[in-house]
Amino acid sequence: MPNQTSVNEFLLLGVTDIQELQPFLFVVFLAIYFVIVAGNGTILMVVISDPRLHSPMYFFLGNLSCLDICYSTVTLPKMLENFLSSHKAISFLGCISQLHFFHFLGSTEGLLLTVMAFDRFVAICKPLRYTLIMNHQACAQMAVTVWIIGFLYALLHSTMTSRLNFCGSNHIHHFFCDIKPLLELACGNIELNQWLLNTVTGTIAMGPFFLTLLSYFYIIIYLFFKTLSCSMLHKALSTCASHFMVVVLFFAPVVFTYTRSTSGSSMDQDRIIAIMYSVVTPVLNPLIYTLRNKQVKGALRRAIRRRL
């Protein structure tokens with residue numbers, strides 16, 4: 001079926017319609033973007049350069065930092081440009097590309113958080129078999145698998161959305177191109193796209209979330225029934241706490257956004273929630289992992305001493 005699109009570009013209406021707030025928001029989000037790139041870039045550099053962090057847990061943390069930099073770069077530069085521009089246009093191809101990479105990197109991060117939870121499960125519940133199960137080859141295969149699944153999932157949505165007919169308004173009530181706002185603008189039959197959004201995206205969001213919760217449920221049960229030392233219990237739970245905080249911050253708004261029907265959602269509400277998982281989570285990840293992780297803090301101090 002050929003593409004019947006008559007819209008050549010879309011207008012991103014952004015975070016707010018209040019013009020007086022645009023310069024202030026530009027400064028705020030520019031500072032946030034700088035912290036995201038600097039914080040996650042530092043973690044990525046430390047994980048790569050410090051041999052003491054060459055373990056499965058920090059290999060996946062390096063992947064997470066790389067994802068957070070790329071994930072925020074998909075939306076924030078365009079948002080910053082629109083804060084200072086009166087013509088907030090994005091081409092049709094640019095819009096579909098942004099949609100693709102947003103869902104590619106977002107779904108990959110969700111799957112990666114599940115793999116990280118599995119890593120903690122094996123490390124705590126099966127410590128004697130940890131090096132056998134989480135060997136270098138297995139870790140690389142898991143990382144490659146989640147990146148490929150994320151790419152194929154996003155390709156499905158970007159392909160199906162690009163084949164829709166947009167014949168009316170081109171005003172997107174969002175600060176980036178996402179599936180739900182575009183479905184609001186589409187003409188013709190969108191039942192298949194709705195089904196993909198509700199079923200496939202719901203599965204991608206809910207599946208990893210429940211698997212992650214299941215991993216932590218088993219970890220907590222194991223620790224309370226198998227660990228006699230309070231210090232060992234505290235150490236193990238502290239190790240998992242930072243990861244669990246990231247999981248909640250990322251999955252809670254994602255699940256809330258993509259498991260609701262398009263007709264029953266508020267665009268203003270969706271914009272606020274989108275800021276949570278696309279902007280706030282990437283900026284908090286470096287702070288959570290460095291402030292709560294002694295090994296990362298130690299590696300940072302060693303890196304600083306080497307440069308002085």
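**Exercise 1. Identify the annotated membrane segments and examine two of them in the model.**

*Solution.* Step 1. The unreviewed UniProt entry lists "transmembrane region" for residues 24-48, 60-80, 100-118, 138-156, 204-225, 237-259 and 271-291. The coordinates examined here belong to a predicted model.

Step 2. Take the segment 24-48. Its chain is 100% helix and 0% strand, and its end C-alpha atoms lie 36 Å apart.

Step 3. Turn to the segment 204-225. Here too the helix content is 100% and the strand content 0%, while the end C-alpha atoms are separated by 32 Å.

**Exercise 2. Determine how many disulfides the model contains and which cysteines they join.**

*Solution.* Step 1. The criterion is a pair of cysteine sulfur atoms within 2.5 Å. Applied to this model, it yields two disulfides.

Step 2. One bond joins Cys95 to Cys177, with an S to S distance of 2.0 Å. Cys95 belongs to helix α3 (residues 92-125), whereas Cys177 sits in the loop between β3 (171-172) and α6 (179-185). The pair thus links distant parts of the chain, 82 residues apart.

Step 3. The other bond joins Cys167 to Cys187, again with S to S 2.0 Å. Cys167 lies in the loop between α5 and β3, and Cys187 in the loop between α6 and α7 (191-226), so this link ties together parts that are 20 residues apart in sequence.

Step 4. When the bonded cysteines of the protein chain are numbered in sequence order, the pairing reads 1-3, 2-4.

**Exercise 3. State the handedness of each disulfide, and decide whether its cysteines are buried or partly exposed.**

*Solution.* Step 1. The torsion about the S-S bond of Cys95 and Cys177 is about -120°, so this disulfide is left-handed. The link of Cys167 and Cys187, with -120° about its S-S bond, is also left-handed.

Step 2. For accessibility, buried means under 20% relative accessible area, exposed over 50%, and partly exposed in between. Cys95 and Cys177 are both buried.

Step 3. Cys167 has a relative accessibility of 46% and therefore counts as partly exposed. Cys187, at 21%, is likewise partly exposed.

**Exercise 4. Explain why Cys66 is not bonded to Cys70, and classify the accessibility of Cys66 and Cys139.**

*Solution.* Step 1. The cysteine sulfur closest to that of Cys66 is in Cys70, at 4.4 Å, which is too far for a bond.

Step 2. With 27% relative accessibility, Cys66 is partly exposed. Cys139 has a relative accessible area of 4% and is therefore buried.

**Exercise 5. Describe the second largest pocket and the elements that line it.**

*Solution.* Step 1. The volume of this second largest pocket is about 280 Å³. Its lining comprises 15 residues, of which Val47, His54, Ser55, Tyr58 and Phe59 lie nearest the centre.

Step 2. At least two lining residues come from each of α1 (22-49), α2 (56-83) and α5. The greatest contribution is from α2, with five residues.

Step 3. Sorted by class, the lining holds nine nonpolar, six polar and no charged residues.

**Exercise 6. Place Thr159 in the fold and relate its position to that of Ile96.**

*Solution.* Step 1. Thr159 is part of helix α5 (residues 136-162). Its relative accessible area is 36%, so Thr159 is partly exposed.

Step 2. Thr159 and Ile96 are 63 residues apart in sequence, and their C-alpha atoms are 8.4 Å apart in space.

Note on methods
Residues numbered from 1 in each chain as written. Predicted model: local features only at pLDDT ≥ 70, side-chain atom pairs only at ≥ 80, totals over all residues. Heavy atoms only, no water. UniProt positions renumbered as here; feature names shortened; annotations may be inferred. Helix = DSSP H or I, 4+ residues; strand = E, 2+ residues; numbered from the N terminus. Buried < 20%, exposed > 50% of the residue type's maximum accessible area, 1.4 Å probe, protein only. 1 Å grid on protein atoms, 1.4 Å probe; cavity = no way out; pocket = protein on both sides within 12 Å on 5 of 7 lines; lining within 4 Å. Points joined across faces, edges and corners; volume = space filled by probe spheres on them. Nonpolar A, V, L, I, M, F, W, Y, C, P; charged D, E, K, R; others polar.
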